[in-house]
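Visitor: I have the sequence and the model open side by side. Could you take me on a close look at the sheet, and then at the loops and charged pairs that go with it?

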Amino acid sequence: MIKHAEWLIVGHSKDFPNRIGRTIRLNDKEIAVFRTSENKLYAVENSNPHPKGGPLTESIVSGHYIYDPLRDWKIDLETGLVQDPDTGQVKTFDIREDGEEVKISL
């Protein structure tokens with residue numbers, strides 16, 4: 001059986017400015033939402049996969065990547081993969097704009 005995605009409203013389009021991370025809390029999850037300079041939204045788990053961890057919302061957005069200045073890691077927002085020479089992955093979430101509403105699928 002195929003489970004249909006549940007889309008949850010997490011804010012309005014204006015709540016997510018370009019190149020700035022925002023933290024969203026849904027149930028027991030903390031999600032980092034980024035809007036690129038190309039106006040595309042991405043949502044990832046707000047936890048760096050580095051052994052010492054840390055939030056990702058303070059990262060620098062460039063294209064569809066974020067750079068965590070605390071851990072010096074580059075993460076692909078589309079796949080969640082940490083870029084070479086480091087390894088790891090952060091969970092990604094589907095996100096969309098529906099009119100002025102921003103919605104995330106868990």
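Guide: Happily; here is a walk through the sheet, its charged pairs and two loop residues.

Please keep in mind that this is a predicted model. A word on the region first: the unreviewed UniProt entry carries the annotation "domain: Rieske" for residues 7–104. In the model, the C-alpha atoms at the two ends of that span, residues 7–104, are 5 Å apart. The span is 46% strand and 0% helix.

Now to the sheet itself. It is an open sheet of six strands, paired antiparallel, and its order reads 1-9-8-4-3-2. The edges belong to strand 1 (7–12) and strand 2 (22–26); each has a single partner strand, so one side of each is left without a neighbour in the sheet. On average, neighbouring strands of this sheet are turned by 30 degrees against each other, direction ignored.

Let us stay with strand 2 for a moment. Strand 2 and strand 3 run antiparallel and are joined by five bridges. If you would like one pair to click on, take L26, whose bridge partner in strand 3 is K29.

There is also a charged pair to show you here: R25 forms a salt bridge with E30, with the closest N and O atoms 3.1 Å apart. R25 counts as exposed because its relative accessibility is 61%, over the 50% cut-off. E30, in turn, is partly exposed, with a relative accessible area of 30%.

Follow strand 3 (29–35) onward and you come to T36, in the loop that leads to strand 4 (41–45). T36 has a relative accessible area of 1%, so with the limit at under 20% T36 counts as buried. Leaving out residues up to four places away in sequence, T36 touches N18, R19, Y42, V61, G63 and H64.

The second loop residue is S59, which sits between strand 4 and strand 5 (60–62). S59 is buried too, at 7% relative accessibility. Beyond its neighbours within four places in sequence, S59 is in contact with F34, I66, Y67, D68 and P69. Its side chain also has a polar atom 2.8 Å from the backbone oxygen of L56. For a sense of distance, try S59 and Q89: these residues are 30 apart along the chain, and their C-alpha atoms are separated by 15 Å.

Back to charges, then. Side chains of opposite charge can pair when their charged atoms come close. A search of the whole structure finds five salt bridges, and the pair R25 and E30 is one you have already met. Another joins D15 to K14, with the closest N and O atoms 3.9 Å apart. Within this pair, K14 counts as exposed at 68% relative accessibility, whereas D15 is partly exposed at 33%.

My last stop is the salt bridge between D98 and K103, where the closest N and O atoms are 2.9 Å apart. D98 is partly exposed, with a relative accessible area of 39%. K103, by contrast, has a relative accessible area of 12% and is therefore buried. The pair does not stand alone, as D98, E101 and K103 are linked in a network of salt bridges.

Methods: Residues are numbered from 1 along each chain as its sequence is written. This is a predicted model: local features need pLDDT of at least 70, side-chain atom pairs count only at pLDDT 80 or more; totals for chains, interfaces and linings use all residues. Side-chain values use heavy atoms; hydrogens and water are left out. Helices (H or I, at least four residues) and strands (E, at least two) are DSSP runs, numbered from the N terminus. Buried means under 20% relative accessible area, exposed over 50%, partly exposed in between (1.4 Å probe, protein chains only). Contact means heavy atoms within 4.5 Å. UniProt positions are given in the numbering used here, feature names are shortened, and annotations may be inferred rather than shown by experiment. Two strands pair if DSSP finds at least two bridges between them. Axes are lines fitted to C-alpha atoms, for helices over the stretch in contact, and angles run from 0 to 180 degrees between N-to-C directions. A salt bridge is a side-chain nitrogen of Lys or Arg within 4 Å of a carboxyl oxygen of Asp or Glu. A polar contact is a pair of N or O atoms within 3.5 Å; within protein, one must be able to donate a hydrogen and the other to accept it, and residues adjacent in sequence count only if both atoms are side-chain atoms.
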